[in-house]
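Reader: I'd like a close look at one part of this model, the side of chain A that touches chain B, and then a walk outward from there. Could you take me through it in one go?

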Amino acid sequence: MVEVTVDQLTRIEGHYRITTQVNEEGVVTEAQSMGLMLRGFERFLQKQDPRDAALLTQRICGVCPTSHSLAAANALDQLFGVEDAVPKDALVVRNIHQALNTIASHATHVYVLWGTDLSNPAYRDILANFGDTGNAVWNELLGRFAPISYRLDGVDIPVGSGYAAAIGEKRRLHEAISLLGAKMPHSVLAHVGGVTYGPTVADIGQLAAYYWQVMDFVENFALGVSPETWVENTHFASSPQKAVGFVVDRLQELVDASLVTYDFSRAAGWGDVPLYAAFGSELVGEEVLGLPVSMRLDRIGGYSDPSKIGYLSYGVFFKPELGDGYDPTSPPDSRVMPSGFLDGKLKLSRFDHRKITESISHSFYVDSESDRLPLEGTTQPVSDPDEIDYSQGVESRYSWVKAPHYGGIPCEVGPLSRMLVMQDPLIMGLMDLFREKGYPAPNTYLRMLARMQEILVVASELLKWLTVDLDPNGSFAVPTDLSMAKDSEGMGLWEAPRGALGHWVSTGSDSKVTVYQAVVPSTWNLAPRNTAGVPGPAEQALLGTKISAAGNALGVDYTNPLGIFHTARSYDPCLACAIHTVDLTGRRKEQVRVI
Amino acid sequence: MGGKGSFDRFKQLDFMKMDRRTFLRAVGALGTSLFLQNYRSDIVKALEFAETRIVWVHGGECTGCSESLLNGGEPDLLQALERLNLRLAYHEVLLGQQGIYVDGKLANTSELNSELLFEEVIEEKGYILVAEGAIANGPAGTGKYIMLGGKTYKDIFRRAAENSALIVAVGQCATNGGVNSADSEIKDLMDFRGVAFTMEDGEKGILRELGVEKPVININGCPPHPDWMLLTLAAVVLGKIKVPDDLPAVLDEWLRPKVFFPPDHVIHDNCPRRGSYDKGEFDTVVSGEKCLWKLGCKAPYTHADCATRRWNGYHSFCPQSGSPCISCVSPGFPDSSRPFFQEIEDVGIAGTNIDTVAKVAIGASLLAVGAHAIRRTVVKEGPEEKEQEEGPEEEKQEEAPGKKAGKDEGGDQ
């Protein structure tokens, strides 16, 4: 048995470590997911004016600040008792704000944070065995995904075209956000009772211009077909089979042409998504399309025990047709992307926020009880330096991340879960196909494809909010007064790019904050073991992973554990979000009621 | 400050022949884009200078400063790196490497292993260290609240700092502790530090704790404007700011470049809502178009060029989008700005516990700089006696950077 540790796992937000035990076949037999950094966010909101939370909590994360500010604004709406009155146009602006952030965050992840691993030299070595096709594909991977300051065998490699273009598109999307929210990261805009800014007709025109520029990139760089065509034939397909059929047919045309010409360039129709969709998967690429080689990302990142995993979405994006106000418990029919819970066998049930608990049994906190509801949690960081030790194995405390559950079950959150809860035909169809053919379902390949698919789904809704639903002459905020927050509670359920995000707040008789709590996506995905010893989602997904490229295609290389990089990064880890401390004293317990 | 007039003036100038003062004004007035475009031929000459390496480290942070850096205008970060002959030698979010250990030993090479890359890079010395995020000193001075690659970030920062030529702290967390150091019951246990200051306290900068003396430039802001970061790096790389000799003259008492954080200018001066302020028209509900003073706007005492430079494509800045300025460039942020949404009159000009230098300084500059009208119309009672404390700026810059205690004024509290 060999211990392979990735510390730190870079190209994520924050500081993260994975320790694995790997057997002689190069397969992970045990994994630990470790958050390496303590933060103290919710504590400094205590005793303060709750309205500050929308601006301050976004400082948890510079990649998804929008989500935190909106989750906080939602919680404040209920705290101030105005959730029924938030104007429709304010809700539409919140949708637009989140959609722009989600697209920017996903694009950054796909190209810069995750995609960079596609230029790992292990793929060069594998593809070198496949003649002109292999060399052509390697040149595409390196030419598109090489990061800044990249060197291979001492040779400087130019920054990849996709990597560079994605930075430009992210900048463009941030400029669009700033039309509404002044700047990015850490926009203004989200505010109790509405938003701080009502877009003008000119703003809407300019936002639309930004939108079409980004869609040009999607068409020419990412997809190779128009986003409308893609969404119509996948997300809005009449059946999962038709959605999968559309993608496979499209890929087959490309493959048939390129296996003759050895041209896998974007000009030949190989956008980044088709290139990934074909060469990322053994089933799609090798079995269905007849490619000689693939990265076999569909062989890693699955869950071996369906009783120990679920897929959760809190729901996101208000439905404009429902008019002013919204239900803070996020019933499934009230959000464009619905709330819901799927168990490990994909049985869908209605989301109930009261089923969320957090465990600290393997985290660096001290408490008399190891499992609590979010609003009852007392989080006291260990203060003895000797207790902070990452080398004591799975029985010890080994992370600053807590372990949340839904009805006792660790859950994956994020684009894959949202697409599954939303029953997106393409992702559902591929799930079925992988399961039928004996592949892990889901897997790392599908987790990333779901993120790409979500960009397109969100983009298609965004255009409607912008050009149909948003009325520049509408109302954008209802008046509030601090006294309205006296002795109150609020819950803000939302979906960040990385997954389910909840903010909870309560106040005392002076309207000041007594409790502030956030349960965030990476806390779900990167959780350590829970009180029952059940590993968190990423830990489960790493089990059984062949650590080297393409399922150890060239044998086991412990020094380049690409399988671990791919799977761990596929969750788009955000450690700054995942780690937060809430209460040192526990004295707020008596103030808590169940919302 | 910015504006078309100064642009026309500056674009006529020969960049290489400019004296430093003019250069800095030009850097400040033009965005990165215009600056690099106008002086492109000069910068090509500058490329004859040796490559400058940037080592960028991350502590207790949200990566928002790196995100902001990526939002640099035309040319973007990648082009700026090329034109300024910069090599981003280490950056945990943007580079390909990661830390890899096999049975506890470092594995592979620096082309894949970030731990080995880090060792190689700091061995070479002479780089510019960019620090993003606060440095955890807790628990009990061990720094173990942030660990990377089996080492404390405190130790990693120390080693990176010792071999650097200059430290540029970007963002509030690195400059002053920022949100990490905000008041709470676990603040002292966590003991997060900025590079040269912790909040307003120059004694508590991590450099002093570590016994390391290096020149420091603070680029404040939560996050900082990409121009502030890129243009500061450009000025240093091109030799227009000599380190450390020029620093006392170009930095303010908080080690911020005066060109972006002008001592004689506050955001309020150029606010597009200034007209409604002058007419005494104030919004009391967000999403309106009038002055945000009654919603708690801190622009009247915030020294930054947000209102003229504007953000993300040079579109907007916070009050323009209907939200009060929260003074995220002030050393005491966020505590010195809270509560965000209450009129300053309500909470007292200098906050409820007037015991820190920053708060006194805020009171002083609020009264001294462009805010006489506020005092006349809004401030009923306040520390008027602070008005004359605002002394000439230049004389305060004598002390070496990194050593400023920030205690040299307002001591009468």
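Author: Let's start with a bit of vocabulary: two strands count as paired if DSSP finds at least two bridges between them. With that in hand, look at where the two chains meet in this predicted model. Strand β1(A) pairs with strand β3 (residues 100-102) of chain B, in the antiparallel sense, and three bridges hold that pairing. If you want a spot to zoom in on, find A:T5, which sits opposite B:Y101 in β3(B).

Now zoom out to the whole contact between the chains. On one side there are 81 residues of chain A, and they are in contact with 75 residues of chain B. Several elements of chain A each supply at least two residues to that side: β1 (2-7), α1 (53-56), β4 (150-152), α6 and β7 (194-195). The largest share comes from α6(A), with 11 residues. Sorted by class, the side of chain A that touches chain B has 42 nonpolar, 24 polar and 15 charged residues.

So much for the chain B side of things; α6(A) also has a partner in its own chain. Helix α3 (residues 88-114) of chain A packs with helix α6 (residues 161-181) of chain A at an angle of about 165°, and their axes are 9 Å apart. Angles over 145 degrees count as roughly antiparallel, which is why α3(A) gets that label relative to α6(A). Their crossing is left-handed. From α3(A), the residues in the contact include A:V93, A:I96, A:L100 and A:Y111, while α6(A) brings, among others, A:Y163, A:I167, A:L173 and A:L180. By class, the contact of α3(A) with α6(A) has 15 nonpolar, six polar and two charged residues.

For another helix pair, go further along chain A. Helix α14 (residues 444-469) and helix α18 (residues 562-570) of chain A pack at about 40°, with their axes 9 Å apart. The two helices are therefore oblique to each other. Here too α14(A) passes α18(A) in a left-handed crossing. The contact is made by A:T444, A:R447 and A:M448 of α14(A), together with A:H566, A:T567 and A:S570 of α18(A). Those residues divide into one nonpolar, four polar and one charged.

Now for the sheets of chain A. One is an open sheet of three strands in the order β17-β18-β19, with antiparallel pairing. Its edge strands are β17 (489-496) and β19 (513-519) of chain A, each pairing on one side only. From one strand to the next, the twist averages 10°. Eight bridges join β17(A) to strand β18 (residues 499-507) of chain A, and A:L493 stands opposite A:G502 in β18(A). Helix α2 (residues 65-79) of chain A lies across β17 and β18, running at about 150° to β17(A).

Another open sheet of chain A has three strands in the order β13-β11-β15, again with antiparallel pairing. Four bridges join strand β11 (residues 356-359) of chain A to β15(A), and A:E358 faces A:P404 in β15(A).

Last, a word on confidence. Chain A has a mean pLDDT of 94, with 97% of its residues at 70 or more. Go carefully with residues 581-595 of chain A, though: pLDDT stays under 50 there.

Terms used
Residues numbered from 1 in each chain as written. Chains lettered and ligands numbered in written order. Predicted model: local features only at pLDDT ≥ 70, side-chain atom pairs only at ≥ 80, totals over all residues. pLDDT = per-residue confidence, 0-100. Contact = placed C-beta atoms within 7 Å. Axes fitted to C-alpha atoms, helices over the stretch in contact; angles between N-to-C directions. Parallel < 35°, antiparallel > 145°, perpendicular 65-115°, else oblique. Left-handed = near helix turned anticlockwise from the far one by under 90°. Nonpolar A, V, L, I, M, F, W, Y, C, P; charged D, E, K, R; others polar.
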